[in-house]
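The report below concerns salt bridges, cysteines and a few local backbone and surface features of one protein chain. Please keep the sequence and the 3D view at hand while reading.

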Amino acid sequence: MSPPALEIDGDSIRPVTWNEWLTLPVRPQDSAVLTMRGPIRVPTVIVALNYAKVPKKRPKLCARSIRERDGNRCQYTGRELHPTEGSLDHVLPRSRGGKDTWENLVWASKGVNSRKADRLPHEAGLKLLSVPQAPKELPASVLIRNAHAVAEWKLFLKE
């Protein structure tokens with residue numbers, strides 16, 4: 001049987017079969033399930049053995065993703081912004097039929113966004129520093145976040 005789980009103990013990582021996993025002791029930091037055989041450690045990292053095609057996804061369209069795509073910079077002035085200093089701007093305003101799309105949303109300083117209001121950039125005397133585009137699709141694994149702060153996941157995820 002192939003090793004479906006990883007036993008991680010400090011800097012040591014070891015692949016373990018399910019039969020061997022059943023014999024591992026439950027440590028104080030581990031979660032466990034109670035079975036007829038007794039407690040069994042819950043694995044925190046499992047191994048996908050047969051993975052033919054890696055699915056690809058785009059990040060979710062939201063303010064955070066637009067801000068990250070635009071490098072925390074106002075797309076009209078180039079000034080680096082603290083997250084609280086910026087907001088989403090619709091290049092083609094919603095009042096004129098603009099949609100919530102990657103190609104129509106940019107990160108802008110709140111002051112510039114307010115000054116632009118429901119006008120097109122050129123009508124407000126503004127010019128976009130770059131044309132907004134949808135990010136490339138990435139392997140789904142790149143988009144995994146460690147929302148529950150599982151210590152062992154930090155070895156495998158970019159945070």
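A residue counts as buried when its relative accessible area is under 20%, as exposed when that area is over 50%, and as partly exposed in between. Arg58, at 38% relative accessibility, is therefore partly exposed. The model is a predicted one, and the values that follow are computed from its atoms.

**Arg58 and its surroundings**

Arg58 is found in the loop between β5 and α2. If neighbours within four places in sequence are left aside, Arg58 is in contact with Trp102, Ala134, Pro135, Lys136, Glu137 and Leu143. With two of these residues there are polar contacts of the Arg58 side chain: the backbone oxygen of Pro135 is reached at 3.0 Å, and the side chain of Glu137 is met at 3.5 Å. Glu137 and Arg58 also form a salt bridge, in which the closest N and O atoms are 3.5 Å apart. This pair links distant parts of the chain, since Glu137 lies in the loop between α3 (110-116) and β8 while Arg58 lies in the loop between β5 (56-57) and α2 (63-69), 79 residues apart. Glu137, at 44% relative accessibility, counts as partly exposed, as does Arg58 at 38%. A separation of another kind is that between the C-alpha atoms of Arg58 and Ala124, which are 66 residues apart along the chain and 31 Å apart in space.

**Salt bridges around Arg41**

How many salt bridges does the structure hold? There are 13 of them, and a network of salt bridges links Glu7, Asp9, Arg14, Glu20, Arg27, Asp30 and Arg41. Side chains of opposite charge can pair when their charged atoms come close. In this network the side chains of Arg41 and Glu7 meet with an N to O distance of 3.7 Å. Arg41 belongs to strand β4 (residues 38-41) and Glu7 to strand β1 (residues 5-9), so that the pair, 34 residues apart, links distant parts of the chain. Asp30 forms a salt bridge with Arg41 as well, and here the closest N and O atoms are 3.1 Å apart. Because Asp30 lies in the loop between α1 (18-21) and β3 (32-35) whereas Arg41 lies in strand β4, this pair ties together parts that are eleven residues apart in sequence.

Are the partners of these two salt bridges buried or exposed? Arg41 and Glu7 are both buried, and Asp30 is buried too, with a relative accessible area of 16%. The value for Arg41 is 3%, and that for Glu7 is 14%.

The three salt bridges described above are set out in the table.

| Acidic residue | Basic residue | Closest N to O distance |
|---|---|---|
| Glu7 | Arg41 | 3.7 Å |
| Asp30 | Arg41 | 3.1 Å |
| Glu137 | Arg58 | 3.5 Å |

Glu7 has further neighbours: not counting residues up to four places away in sequence, Glu7 touches Ser12, Ile13, Arg14, Val16, Trp21, Leu24 and Arg41. With Arg14, the side chain of Glu7 makes a side-chain polar contact of 2.6 Å.

**Cysteines**

With a disulfide taken as a pair of cysteine sulfur atoms within 2.5 Å, the count comes to zero disulfides. Cys62 is in no disulfide, and the nearest cysteine sulfur, that of Cys74, is 19 Å away. Why is there no bond from Cys74? The closest cysteine sulfur to that of Cys74 is the one in Cys62, and 19 Å is too far for a bond. Cys62 is partly exposed, with a relative accessible area of 27%, whereas Cys74 counts as buried at 0%.

**Backbone and surface**

Two alanines have positive phi values although neither is a glycine: Ala117 has a phi near 55°, and Ala149 has one of about 50°. Ala117 lies in the loop between α3 and β8 and is partly exposed, with a relative accessible area of 45%, while Ala149 lies in the segment after β8.

Ile13, Leu155 and Phe156 make a nonpolar surface patch of about 290 Å². One of these residues, Leu155, has its place in the segment after β8 (138-139), and another, Ile13, is among the residues that Glu7 touches.

Definitions and conventions. Residues are numbered from 1 along each chain as its sequence is written. This is a predicted model: local features need pLDDT of at least 70, side-chain atom pairs count only at pLDDT 80 or more; totals for chains, interfaces and linings use all residues. Side-chain values use heavy atoms; hydrogens and water are left out. Patches are made of residues with over 30% relative accessible area and no salt bridge: like charges are joined within 9 Å, nonpolar side chains (Val, Leu, Ile, Met, Phe, Trp, Tyr) within 5 Å. Accessible areas come from the Shrake-Rupley method with a 1.4 Å probe; for residues, only the protein chains shown count as cover. A salt bridge is a side-chain nitrogen of Lys or Arg within 4 Å of a carboxyl oxygen of Asp or Glu. Helices (H or I, at least four residues) and strands (E, at least two) are DSSP runs, numbered from the N terminus. Buried means under 20% relative accessible area, exposed over 50%, partly exposed in between (1.4 Å probe, protein chains only). A polar contact is a pair of N or O atoms within 3.5 Å; within protein, one must be able to donate a hydrogen and the other to accept it, and residues adjacent in sequence count only if both atoms are side-chain atoms. Contact means heavy atoms within 4.5 Å.
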